[in-house]
Each structure stands twice: as C-alpha cells, then as structure tokens.
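Hi everyone, thanks for making time this morning. Could you pull up the structure on your screens while I talk you through a few of its features?

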Amino acid sequence: MIKKETVYKLSDRYIRKLQRDIILNILITLMFYVVFNIMFQQNEGYETIRIVLTVIFLIVGIAVIYSDVLRVQRNMNICYTVTEDALSYCDGKETTCYPWKDFHEVVVNPNKISMIYPYEFRTAQGKFYLHKRLADTELLIPDILKHARPYAKIDPQIPDVFQPKKDDWLENVQKRI
C-alpha cells in the first residue's frame, strides 16, 4: 500500500529574494572596496595598501557569497511533510517528527503578531509554530487539524476556513436549511 504524503515548502518568492540577496551582498562588498581604495589613494605606499585591500575584500566577498549560498540551500530544504502517521518538519539540517497521537492542543497565540497565522501547536515533544515564509499555509493548517483533531483540543478561535471539511453531505445541507 502506498502511503500518502504531502510536502509543504517555503514560498518561491522568498527563495528568489534570498537569491537576489547574494547579488546585493556582492555589490555592497564591491562598493566598500571602491570606497576604501578611493580613501587610501592619496597615501604613501598605496600599491601595498591596494594589494592588502584586494586580498581582504576577496576573502570577505568569498565568505559572504559562501554563507549566502548555504543560507539559500538550507531554506530550500525547509519543509513540512504530512503523512497518515505524523507531521515531519525539516529545518534544513535535521528532521523532527511529530506523531499525530502526541498532539495535545492547537491554540491561537495573540502575542505572535509578526505571524500571519499565530497558531501554537502543543505536542509531547514541545510546542512549535509554522514557518512564517511557508508557501501553502492555507492548505497545511487544515491538513494538520484534520489529522490532529482526534488527539488534540482545537482552539475555537481558529476560523472555520481552516477546519477540515466534513464529508457528510446531509449535515452540510441541514446547516444551509
């Protein structure tokens, strides 16, 4: 039997922003190189200073590019995987697994004003929040609630939009009447 799993990654827009940051950091490093060269141009021994500045800024530039590339790769690997057994979160370095039976509570945390969906998921492993740069949060939240509902207490402040839809068409008709 094939296990159904759904993977939710960070938004493409955010990943493109991180990739643009590499170019901007290169330009900033080059700008500082030019400024320092202009500042020291009038000094005696400028040739030596220019060689030292070139070496320093080459090292800094390579370090900045390397760290930016690592950051992009790490963020490209961040994902949530929903399976029938658990929710897995990969932060780019390690994967944490949250079995559905370990979910205790899902609550709205009004103190997390920087997040679009400030939902706190409390599990046996501790509490966690969804990554704020996630692409399909509107699909992931109902998916988590659907699987966690039998085990966890769901906060009534979570909008009905995120509540999993019931398959019982008769009950839906009765609500409309």
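I'll go through the salt bridges, then one buried side chain, and then two pockets.

Before we start, please keep in mind that this is a predicted model.

Let's begin with charges. Side chains of opposite charge can pair when their charged atoms come close. How many salt bridges turn up in a search of the whole structure? The search finds nine, and I'd like to show you three of them.

The first one I picked joins arginine 50 and glutamate 47, with 3.5 Å from N to O. Both residues sit in helix 2, which covers residues 46-76, and because they are three residues apart there, about one helical turn separates them. As for solvent, arginine 50 is partly exposed, at 35% relative accessibility. Glutamate 47 is also partly exposed, at 45%.

Now move along the chain to arginine 122. Which residue does arginine 122 meet in a salt bridge? Its partner is glutamate 105, and the N to O distance is 3.0 Å. Here the two ends belong to separate strands: arginine 122 lies in strand 6 (residues 119-123) and glutamate 105 in strand 5 (residues 103-108), so this pair ties together parts that are 17 residues apart in sequence. Arginine 122 itself is partly exposed, with a relative accessible area of 34%.

The third pair is lysine 127 with glutamate 120, whose closest N and O atoms are 3.9 Å apart. Is each of these partners buried or exposed? Lysine 127 is exposed, at 56% relative accessible area, whereas glutamate 120 is buried, at 3%. Anything under 20% counts as buried and anything over 50% as exposed, so the two partners fall into opposite classes.

These last two pairs also belong to something broader. Glu105, Glu120, Arg122, Lys127 and Lys153 are linked in a network of salt bridges, so if you are colouring residues as we go, colour those five together.

Let's leave the charges and look at isoleucine 144. You'll find isoleucine 144 in helix 3, residues 137-148. Its relative accessible area is 0%, so isoleucine 144 counts as buried. What does isoleucine 144 touch, leaving aside residues up to four places away in sequence? The answer is Leu87, Trp100, Phe103, Phe121 and Leu130. Take leucine 87 from that list: it is 57 residues from isoleucine 144 along the chain, yet their C-alpha atoms are separated by 7.6 Å.

Finally, the pockets. Rolling a probe the size of a water molecule over the atoms shows where empty space is left.

The largest pocket has a volume of about 270 Å³. Its lining is made of 15 residues, and Ile116, Lys132, Arg133, Leu134 and Thr137 lie nearest the centre. Helix 1 (12-40) and helix 3 each provide at least two lining residues, and helix 1 gives the most, with three. By class, the lining holds seven nonpolar, three polar and five charged residues.

The second largest pocket holds about 170 Å³ of space. Which helix gives the most to its lining? That is helix 2, with seven residues, and helix 1 supplies at least two as well. Among the residues lining this pocket are Asn25, Tyr33, Phe57 and Ile65. The lining here has eight nonpolar and four polar residues, and no charged ones.

That's my tour, and I'm happy to take questions.

Key. Residues numbered from 1 in each chain as written. Predicted model: local features only at pLDDT ≥ 70, side-chain atom pairs only at ≥ 80, totals over all residues. Heavy atoms only, no water. Salt bridge = Lys/Arg side-chain N within 4 Å of Asp/Glu carboxyl O. Helix = DSSP H or I, 4+ residues; strand = E, 2+ residues; numbered from the N terminus. Buried < 20%, exposed > 50% of the residue type's maximum accessible area, 1.4 Å probe, protein only. Contact = heavy atoms within 4.5 Å. 1 Å grid on protein atoms, 1.4 Å probe; cavity = no way out; pocket = protein on both sides within 12 Å on 5 of 7 lines; lining within 4 Å. Points joined across faces, edges and corners; volume = space filled by probe spheres on them. Nonpolar A, V, L, I, M, F, W, Y, C, P; charged D, E, K, R; others polar.
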